[in-house]
Amino acid sequence: MYQISDLTRTSRGDYFYRTNPSAVMSEKPPEIADIMRVSSHREVYEPCDDSFALVDALLADQTNLINHNPNLCMEIGCGSGYVITSLILLLKSKLPTVHYLATDTNPIAARVTNQTLEAHGVKAEIVCTDIASCLEERLAGSVDVMVVNPPYVPTPEYEVGMEGIASSWAGGENGRSVIDRMLPVVDRLLSEKGWFYLVTLTSNYPAEICLMMRKRGFAWRILVQRSTEEENLVILKFWRDGDEESLEKETSTASLVSEFSRSLTSFMEKQWR
């Protein structure tokens, strides 16, 4: 298995090897969705830097995900299907019985995701709904892995929830309108061993998001940080933390913001070493 450090992603989302090709002839590259087989539509968000960063986070956590042995994996806001397809491909050889479910408020995105899944020879249940509004009772406490690339772009509030492609990126004030509405749903759906992977921008105040989840009993860590010409992306992972004493110590805004800042600085320093 290659490490992420052995691979470089091109702007199209595929990989080339930084090592000598003759040294890796017997190995295969990581199994993720082939960008050339991802379906598209003008009203559906195409895979971009945020999508690639989220898949890189899942790739970095692949061994942990396999050892986690999930029964149900879910993506909220599946768009083109690039992320859910990549997740399936990352797990299917070791965990062939996992059930996958994906939702999107855009019916065209639901259709495009299905086309992407079919192009890769994999399957998932696809539901057209707002976040998980028709699924909360059915799925309560049963989702072991949740992945979300939410509408996080700061926009006027009236743009939130618009039809078509705008629903995939319009996030309202600080890009948080959909994120803040989604977090309680994620808490209800996740199982006791549930993991939650979330794409954020620094302009979303991710430390505040970590504080909100901490108050709900979740620990967190940064998996990927990536700066582009337009965005500063931070991919977060959350999981339930049973340490009540730790929860009491870490739920003040000042202490958690300070902790987040230290973690982000440390993460960025490690990337540049």
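In the predicted model, 51% of the 273 residues of the protein count as buried. The fold is built from nine helices and nine strands, and among the contacts in the protein with a separation of 6 or more, 73% are made between residues 24 or more positions apart. The accessible surface of the protein amounts to about 13,200 Å², and carbon and sulfur atoms contribute 50% of that area.

The second largest pocket encloses about 690 Å³ of space. Its lining is made up of 46 residues, of which G77, D104, P151, S167 and S168 are the closest to the centre of the pocket. Two or more lining residues are given by each of the helices α1 (49-60), α3 (82-91), α4 (107-119) and α6, and likewise by each of the strands β3 (72-76) and β4 (99-104).

The helix α6 (177-189) also marks one end of the loop in which E159 is found, the other end being set by the strand β6 (143-148). Although E159 is buried, no salt bridge is formed by this residue; the nearest side chain of opposite charge is that of R181, which lies 15 Å away, whereas a salt bridge requires a side-chain nitrogen of Lys or Arg within 4 Å of a carboxyl oxygen of Asp or Glu. When residues up to four places away in sequence are left out of account, the residues touched by E159 are W169 and A170.

Technical notes
Residues numbered from 1 in each chain as written. Predicted model: local features only at pLDDT ≥ 70, side-chain atom pairs only at ≥ 80, totals over all residues. Heavy atoms only, no water. Helix = DSSP H or I, 4+ residues; strand = E, 2+ residues; numbered from the N terminus. Buried < 20%, exposed > 50% of the residue type's maximum accessible area, 1.4 Å probe, protein only. Lys, Arg positive; Asp, Glu negative; His and termini not counted. Contact = heavy atoms within 4.5 Å. Areas by Shrake-Rupley, 256 points an atom, 1.4 Å probe, with all protein chains shown as cover. 1 Å grid on protein atoms, 1.4 Å probe; cavity = no way out; pocket = protein on both sides within 12 Å on 5 of 7 lines; lining within 4 Å. Points joined across faces, edges and corners; volume = space filled by probe spheres on them.
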